[in-house]
Amino acid sequence: MFLCCRRHLTFSPPTAVPSPSGHRPLKPRTPRAPILASKNPPPRPWPLPRRQWRWRCSNTDAVQPPPLVEASVSGGGEKKSFWAAVSLIIGTAVGPGMLALPSATIRSGPVPSTVAILLSWAYVVSSIVLVAELSFAAMESGGVNEVSFTGLASSTLGATFGGGVAVVYAALSFSLMVACVAGIGSLVSQLFPAVNPVLANALFPCFAGVLIAFFPFKAVDGVNRVLCGLMLVSITSLVVTGVSVGRSSMLNSLGHACWSPGAILPAIPVTVLTLGFHVITPFICKIVGDSVYDARRAILIGGAVPLVMVLSWNAVILGLAGATGSARFDDPIKLLLSVNPAALAPVRGFAFAALATSLIGYAVSFPKQLEDTLQLIVKSFSMKQGSVELSNAGGDHGRNEEVVLTLAVLIIPIFIVSFFSTAFAKALDFAGVYANCFLFGILPPAMAWIHRSRKKRSPGSCEDILPGGNAALLVLFIIAVILAFRH
């Protein structure tokens, strides 16, 4: 009982007291010096416990607390958010062209087309992971929190070749934004025929421009998540509609399989273009977190959702084609509407949400690309660096430039779609085929090989996040060249 209270009491050293029974009296206990105060502490008879894992940012012994995912991004209004990056990937990767994919897979059948889609997705994700690896390496070496594809190309391929890549990349991004504005304007005109076409083209881009330029990124993320929810609900409704009509023939359609290259290969380029989101990858690396592994995880999670959507839509439409006897068809949407006209509303909802989320993804990432491209062009005319460094402007001046660029990249497409849509059609074809294959197919493995060959290995260097080494880069490069010639 007394021992239990010992920790609450204060004792003084005992003194020698004669024992009444004749036993030897107790000797006073000498207080023991604390071990921590000694310069040479005695060896411990037991092993020390393992030190808990801490987040380290260098090879030194300096220990820092792990960074929060929702930390603010210095120099901007964005906040690091893993799930905001995932939703941005989902919205940008899924385009309305996904609805037309079964027209390219009908010849091969459900099983061969599923295998082709899975392999295409693996190729696309591997290429995007390379872009993320290059982006984080450039941000770390440059001490910045955002890079562009122009910066990646210039740092690995040189200023001369990087300048050409920057112009092509800017043209591609601009063409994609024009395509999104044209698609949204067409949907608005279908729903409200009395609205002026210019106003129909300008409604959502102006809303997106004001949202991105004058509101925090949290508001942009909220709108993007709502649109992603609308897209998921719409595609689920379309899949359920197709299954309810053709579920009896979906299993029978599995028996049709054509494994010839002539039947499978036409679907691969379309699938690659449908599932790609290389354009926003540098911006994703800015907001996803402080580690390239966070970016890889977001790419895998965000890219898996469009994959499931594509696989389910392809299986349903091919099964529906077997149920209706349509062995050949040009428009899967017309095929679905022929069996259930009520599916028109989900089709429009999906198309609008896919276009709107893609436009938001392009709009938040393109200003940095445009800024670096203009900077590189001005530098090519041998001007002084202090007068052309657009990104060095700080404070309100830098913020005003960002607002102007954001509004410009959304207002200019409105005028192009409204007054020069016919002249821009060829540019859209160029952007969708040749520029996309070159920029997002051939360049990522080439730049990654150059970067890895320059990087000197050290005990503290990070390992490559795409396994396979140079062999994997060679395989990706060969596939990109084949796809380019196939286009």
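How many cavities of 30 Å³ or more does the structure hold? The structure holds one.

1. Basis of the note. This is a predicted model, in which local features need pLDDT of at least 70 and side-chain atom pairs count only at pLDDT 80 or more, while totals for chains, interfaces and linings use all residues. Residues are numbered from 1 along each chain as its sequence is written, and side-chain values use heavy atoms, with hydrogens and water left out.

2. Cavity volume. The largest cavity contains about 60 Å³ of space. A cavity here is a set of points, on a 1 Å grid over the protein atoms alone, where a 1.4 Å probe fits but cannot get out. Its volume is the space filled by probe spheres set on the points, which are joined across faces, edges and corners.

3. Cavity lining. The lining of the largest cavity consists of Glu146, Val147, Ser148, Phe149, Tyr169, Val279, Pro282, Phe283, Ser365, Lys368 and Gln369; lining residues have an atom within 4 Å of a point. Helices H10 (281-287) and H13 (344-380) each contribute at least two of the lining residues, and H13 gives the largest share, three residues. Helices are DSSP runs (H or I, at least four residues) numbered from the N terminus. Six lining residues are nonpolar, three are polar and two are charged. In this classification Ala, Val, Leu, Ile, Met, Phe, Trp, Tyr, Cys and Pro count as nonpolar, Asp, Glu, Lys and Arg as charged, and the others, Gly among them, as polar.

4. H4 with H5. Helix H4 (residues 149-157) packs on helix H5 (residues 159-191) at an angle of about 155°, the axes being 7 Å apart. Axes are lines fitted to C-alpha atoms, for helices over the stretch in contact, and angles run from 0 to 180 degrees between N-to-C directions. The two helices, H4 and H5, are therefore roughly antiparallel (angles over 145 degrees). From H4, Phe149, Thr150, Ala153, Ser154 and Leu157 meet Ala159, Phe161, Gly162, Val165, Ala166 and Tyr169 of H5, where contact means heavy atoms within 4.5 Å. This contact of H4 with H5 comprises eight nonpolar, three polar and no charged residues. Phe149 and Tyr169 also appear in the cavity lining.

5. H3 with H9. The axes of helix H3 (residues 110-142) and helix H9 (residues 267-275) come within 9 Å and cross at roughly 50°. H3 and H9 are therefore oblique to each other (an angle that is not under 35, not over 145 and not 65 to 115 degrees). Ala116, Ile117, Ser120, Trp121, Tyr123 and Val124 in H3 touch Ile268, Thr271, Val272 and Leu275 in H9. Eight nonpolar, two polar and no charged residues make up the contact of H3 with H9.

6. H3 with H17. The axes of H3 and helix H17 (residues 469-486) come within 11 Å and cross at roughly 120°, which makes H3 oblique to H17. Tyr123, Ser126 and Leu130 of H3 meet Leu473, Leu476, Ile479, Ala480 and Leu483 of H17. The contact of H3 with H17 has seven nonpolar, one polar and no charged residues.

Conventions. 1 Å grid on protein atoms, 1.4 Å probe; cavity = no way out; pocket = protein on both sides within 12 Å on 5 of 7 lines; lining within 4 Å.
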